[in-house]
Amino acid sequence: MIRPAELIQRKRDGEELADDEIAELILGYARGEVPDYQLAAFAMAVYFRGLSARETFALTDAMVRSGETIDLASALGRKVVDKHSTGGVGDKVSLAVGPIVAACGVPIGKMSGRGLGHTGGTLDKLESIPGFRTELTIDEFVDQVRNVGVAIVGQTADLVPADKLLYALRDVTATVDQLSLIAASIMSKKLAAGAQAIVLDVKVGDGAFMKTLDEARRLAETMLALGREAGREVVCLLTDMDQPLGGAVGNALEVREALAAVRGQGPADLSELVLDGCAKLLAFSDLGIDEATGRARAEAAVADGSAEATWRRWLEAQGGDPDERRLPEARVVRDVTAPTDGHVTRLGAIAVGNAALHLGAGRRTKEDAIDHAVGVVCLAKRGDEVAQGETLAQVHARDDASADEAAQAVLAAYAFGPEPPPRRDVLLEVVD
Ligand code: URA
């Protein structure tokens with residue numbers, strides 16, 4: 001039997017742990033035999049000391065083994081794809097990519113997480129849809145991928161329970177932004193959920209866990225190595241997170257915007273990234289097409305309404321009401337206006353993410369309930385020209401006091417100048 005305190009101490013002192021030590025610690029935690037406080041201390045030791053490539057693989061493997069795994073290829077008799085983001089502000093790409101790819105005839109089964117820190121989680125967004133169930137059984141998940149073509153679920157007690165526990169613990173112990181912990185968390189979910197080809201969206205910048213391109217490349221390479229070691233095809237898109245993606249930040253607001261993207265009416269940066277992701281996933285699929293054809297098919301599914309029809313079928317299959325008028329709405333909507341004429345030279349993603357978090361869109365402790373209606377909609381983005389008094393953003397809040405506080409924070413996230421800043425595409429680099 002391992003002694004958790006001894007492993008914590010050895011990791012704290014910079015030692016490399018053996019595979020079976022990591023496995024026992026993680027599996028013991030998943031069984032409830034190792035308490036939260038010891039795993040929190042271990043996560044902090046890893047935060048400062050890091051994990052070697054071997055330890056990262058051992059952690060990933062232990063998390064996968066903490067629960068059941070799904071063999072989607074055997075269950076469906078064909079190749080299934082998946083996509084995942086490392087987490088950002090306003091990142092609703094998965095919500096739109098799922099039904100578009102499914103409408104193109106490629107099954108997509110995805111296991112997602114909840115919000116971490118200032119970033120929103122796909123599950124929290126989906127739960128703003130009345131009735132939507134994120135906890136399906138494994139059989140329900142497989143049946144839905146087979147019959148509807150798309151399912152997005154949370155980590156049930158059966159699938160990767162160790163990550164579910166650790167993810168929530170890291171969120172409230174300042175141990176999220178550690179490369180190996182992120183890589184193991186994401187890849188354990190991807191490997192357990194059984195897709196053969198995976199597109200990873202690694203966010204870079206102010207609102208991401210990876211602040212620089214170099215760090216993002218290292219995370220991408222770590223995840224590629226973990227995927228390949230497990231026999232999966234993986235590609236990583238490194239994408240801009242210096243400003244929120246699209247306009248909406250906050251759960252129900254983001255669902256509305258994702259639906260707009262599925263209809264071809266989304267903001268330009270969001271739609272661009274959604275189509276890039278779809279093109280890559282379709283090129284990975286068993287359709288035998290290249291990326292350019294994949295993109296054309298995704299565009300066609302958006303234009304002819306089949307992507308929206310799949311969105312409805314998907315929501316209904318998971319018990320959700322597809323009528324967007326049923327999404328919760330905040331009581332107070334407050335405009336944030338431009339204090340000057342000029343160009344938006346900066347719109348800080350983390351500041352907007354934190355404003356949404358304080359409004360109640362995210363959690364500060366593991367037990368916090370989130371308010372699905374609240375958030376921020378950024379109407380002016382980097383490079384836009386604005387006139388004094390023009391609405392830059394709208395704060396959706398539950399009361400006047402929180403609206404005032406968030407409006408100030410959102411205004412402070414903007415910077416203005418006489419000239420537009422250099423143009424930057426949302427897709428920065430591809431690592432494969
Ligand atoms: N997304 C995950 O699934 N896990 C992390 O640790 C960070 C982002």
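Helix α10 gives the most to the shell around the ligand, with four residues. Helices here are DSSP runs (H or I) of at least four residues and strands are E runs of at least two, numbered from the N terminus. Keep in mind that this is a predicted model, where local features need pLDDT of at least 70, side-chain atom pairs count only at pLDDT 80 or more, and totals for chains, interfaces and linings use all residues. Residues are numbered from 1 along each chain as its sequence is written, and side-chain values use heavy atoms, with hydrogens and water left out.

**Around the ligand**

- His84, Thr86, Leu116, Tyr167, Arg170, Ile182, Ser185, Ile186 and Lys189 surround the ligand, each with a heavy atom within 4 Å of it.
- By type, that shell splits into four nonpolar, three polar and two charged residues; Ala, Val, Leu, Ile, Met, Phe, Trp, Tyr, Cys and Pro count as nonpolar, Asp, Glu, Lys and Arg as charged, and the others, Gly among them, as polar.
- At least two shell residues come from each of α9 (161-171) and α10 (179-193).

**Polar contacts and cover**

- Ser185 has a polar side-chain atom 2.6 Å from a nitrogen atom of the ligand, a polar contact being a pair of N or O atoms within 3.5 Å.
- The side chain of Lys189 has an N or O atom 2.7 Å from a ligand oxygen, and for His84 such a side-chain atom is 3.2 Å from an oxygen of the ligand.
- On its own the ligand has 230 Å² of accessible area, and the protein covers 97% of that, going by the Shrake-Rupley method with a 1.4 Å probe.

**Two open sheets**

- In general, strands of a sheet pair through backbone hydrogen bonds, either parallel or antiparallel.
- One open sheet has four strands in the order β6-β9-β11-β7, with antiparallel pairing; strands pair if DSSP finds at least two bridges between them.
- Its edge strands, each pairing on one side only, are β6 (248-249) and β7 (332-337).
- Six bridges link β7 and β11 (residues 391-397) in the antiparallel sense, and Arg334 has Val395 in β11 as its bridge partner.
- Another open sheet has three strands, ordered β10-β8-β12 and paired antiparallel, with β10 (385-386) and β12 (414-417) at the edges.
- Strand β8 (residues 342-347) runs antiparallel to β12, joined by four bridges, and His343 has Gly417 in β12 as its bridge partner.

Methods: A polar contact is a pair of N or O atoms within 3.5 Å; within protein, one must be able to donate a hydrogen and the other to accept it, and residues adjacent in sequence count only if both atoms are side-chain atoms.
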